[in-house]
Amino acid sequence: MERLRPVWAEVDLGALKRNYARIQSYTKAELMPIVKADAYGHGAIPVVRALKALGAKRFGVALLEEALEIKREFPELELMVIGASPEEHSDTIVRENIIPGIFSFSQAQALAKSAGEQGKTARVHVKIDTGMGRIGYRPEEWEQILEIAKLPHLMVEGIYTHFATADHADLTFARKQLERFQEVIRKLERRGLKIPYKHAANSAAILHFPEAHFNLVRPGIILYGLPPSRHVGQDAGLEPVMSWKAKVTHVKTIGAGETVSYGRTFRAAYETRVATIPVGYADGLRRALSNCGEVLVRGQRSTIIGRVCMDQTMLEVTKIPGVQVGDVVTLLGQDGEERIDPTEMADWLSTINYEIVCDISKRVPREYVE
Ligand SMILES: *Cc1c(COP(=O)(O)O)cnc(C)c1O
C-alpha cells in the first residue's frame with residue numbers, strides 16, 4: 001500500500017541475514033531464531049521468510065497465536081512455543097504440529113489425550129526452572145519428567161532452561177544454572193530417557209557462554225543486530241536491522257519567550273528554529289523523551305523540544321541550516337556520519353534496547369529493503 005503518512009521503519013533483511021550467518025559462526029549448534037513479539041517489532045513473516053532462505057527450519061515464539069500466524073504462511077516449518085501454552089488449546093497445538101514447552105503433568109496428559117484422539121504423537125520440550133524463577137519444573141521435580149515420557153502418543157523431544165544473568169560480565173550464577181540443568185539431564189539419562197534436543201542459550205549465552213550451547217540455541221536480540229547488554233555483544237560484528245524515519249511536516253521560527261507543545265515545558269531562550277515531525281507516543285516515540293531525546297536531521301543531532309504528543313513532535317533545528325518540509329529525520333539509524341541506535345535511545349529512557357524496538361507500534365509501516 002502507498003505510504004500516506006511520512007513515517008516508516010526500514011527493516012534491512014540483508015543485515016538480518018548477515019547477523020544470522022555471523023551467529024552461526026559462533027556455534028556448532030542448530031539455530032532456533034526467536035521471532036516472538038512480531039520478531040521484536042521487525043515483522044515475523046518477512047523475518048522468517050528471510051531466515052528460512054538461509055536454512056533455518058525451527059523457530060521459537062512466545063505465544064500459540066504467534067506460532068499459528070507463522071504456520072499459516074509456512075506450514076513446513078517447525079514452530080516451538082517457548083512460553084506457557086494453556087491446556088485448553090491442546091487440540092490446536094497437536095493439529096498444527098506445534099511444539100509446546102511444558103512443565104506440568106496435566107498439561108502433558110491433555111496433549112497426549114488430544115494426540116490419541118487425532119491419531120498422532122505430540123512432541124514436547126520440557127522446561128526446567130534452574131533459577132530464572134518464571135516457568136518450569138524445579139530441578140528436584142525431575143522424576144515427574146519420567147512419568148511424562150511414559151505417556152502414550154507423547155514424545156519428549158527436548159529439554160530446556162533459561163538464564164537470568166547470561167548478559168552479565170560475571171557468569172557465576174549462569175554457571176550454577178547450567179550445573180542444575182546438566183544434573184537433571186544426567187539423572188534422566190541414567191534412568192534411560194534420551195532426549196534429542198537440549199537447549200539453554202539465549203543471545204548473550206551464544207556470544208560468551210559456549211559451554212551452554214548444547215545442540216540447539218535460541219538467538220533473539222542479536223539476530224536484530226543489537227547487543228544483549230553493555231557487557232556482551234558490543235564487538236560481535238552485528239548490524240542493527242531496523243531504522244526509523246519521518247519527514248518534516250512544518251518549519252518555523254519562534255521568538256525568545258515563546259513556548260512549544262502541551263504544558264509549555266519548552267520556552268525559547270532566543271530566536272529558535274522549530275521543525276515538526278508527524279510521529280509521537282502512539283507510534284512508540286516515548287513521551288519520556290520530551291525535552292531530552294535526540295534525532296538526526298541533515299546528518300546532525302537535534303533535540304526534541306517540548307512534550308512529545310500522541311502523533312507529533314517538535315525539534316530544535318536552529319543550528320542546522322536549510323531544514324525544510326520533506327527532509328528525512330532519522331529517529332533510529334544512520335544519517336551521514338551520525339547514528340542513533342536503539343541501545344542509545346534505551347539509555348536515555350533507563351530501559352533496554354529490546355523494549356525500544358518492540359515498542360515501535362503497528363501504526364508505523366515496516367518497509368523491507370535488502
Ligand atoms: C526471549 C527468549 C529468548 C531470546 O532472548 P534474547 O536475549 O533476545 O536472545 C530465548 N529463550 C527464551 C525462553 C526467551 O523467552
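These legends accompany an overall view and several close-up views of one predicted protein model.

The model is predicted: local features need pLDDT of at least 70, side-chain atom pairs count only at pLDDT 80 or more, and totals for chains, interfaces and linings use all residues. Residues are numbered from 1 along each chain as its sequence is written, and side-chain values use heavy atoms, with hydrogens and water left out.

**View 1. The whole protein, with 11 helices and 20 strands.**
Helices (H or I, at least four residues) and strands (E, at least two) are DSSP runs, numbered from the N terminus. The C-alpha trace spans about 80 × 45 × 40 Å along its principal axes. Of the 370 residues, 52% count as buried. Buried means under 20% relative accessible area, exposed over 50%, and partly exposed in between (1.4 Å probe, protein chains only). The accessible surface comes to about 16200 Å² (Shrake-Rupley method, 1.4 Å probe). Carbon and sulfur atoms hold 49% of that surface. Take the contacts between residues at least 6 apart in sequence: 67% of them join residues at least 24 apart. Contact means heavy atoms within 4.5 Å.

**View 2. Helix 1 (residues 13-25) and its cover.**
Helix 1 has 13 residues. From first C-alpha to last, helix 1 reaches 19 Å, close to the 18 Å expected at 1.5 Å a residue. That expected span is 1.5 Å times one less than the number of residues. The buried residues of helix 1 are Leu13, Gly14, Ala15, Leu16, Asn19, Tyr20 and Ile23. Their cover includes strand 1 (7-12), strand 2 (30-31) and helix 3 (44-52). Helix 9 (203-208) and strand 20 (366-369) are also among the covering elements.

**View 3. Leucine 64 in helix 4 (residues 64-73).**
Leucine 64 counts as buried because its relative accessibility is 8%. Leaving out residues up to four places away in sequence, leucine 64 touches Val81, His89, Ile93 and Ile98. Leucine 238 lies 174 residues from leucine 64 in sequence. In space the two are 29 Å apart, C-alpha to C-alpha.

**View 4. Serine 85 in the loop between strand 4 (78-84) and helix 5 (90-95).**
The relative accessibility of serine 85 is 6%, so serine 85 counts as buried. Neighbours within four places in sequence are set aside here. Serine 85 is then in contact with Ile93, Pro100 and Gln107. Ile93 is also one of the residues that leucine 64 touches.

**View 5. Phenylalanine 163 in the loop between strand 7 (154-160) and helix 8 (172-190).**
Phenylalanine 163 has 3% relative accessibility and therefore counts as buried. Residues up to four places away in sequence are not counted among its contacts. Phenylalanine 163 touches Met132, Ala174, Gln177, Leu178, Ala200, Ala201, Asn202, Ala205, Phe209 and Ala212. Arginine 307 is 144 residues from phenylalanine 163 in sequence. Their C-alpha atoms are 38 Å apart in space.

**View 6. Cysteines 309 and 358.**
A search of the whole structure finds 0 disulfides. A disulfide is a pair of cysteine sulfur atoms within 2.5 Å. Cysteine 309 is in no disulfide. Its nearest cysteine sulfur belongs to cysteine 292, 15 Å away. Cysteine 309 counts as buried because its relative accessibility is 12%. Cysteine 358 has 37% relative accessibility, so cysteine 358 counts as partly exposed.
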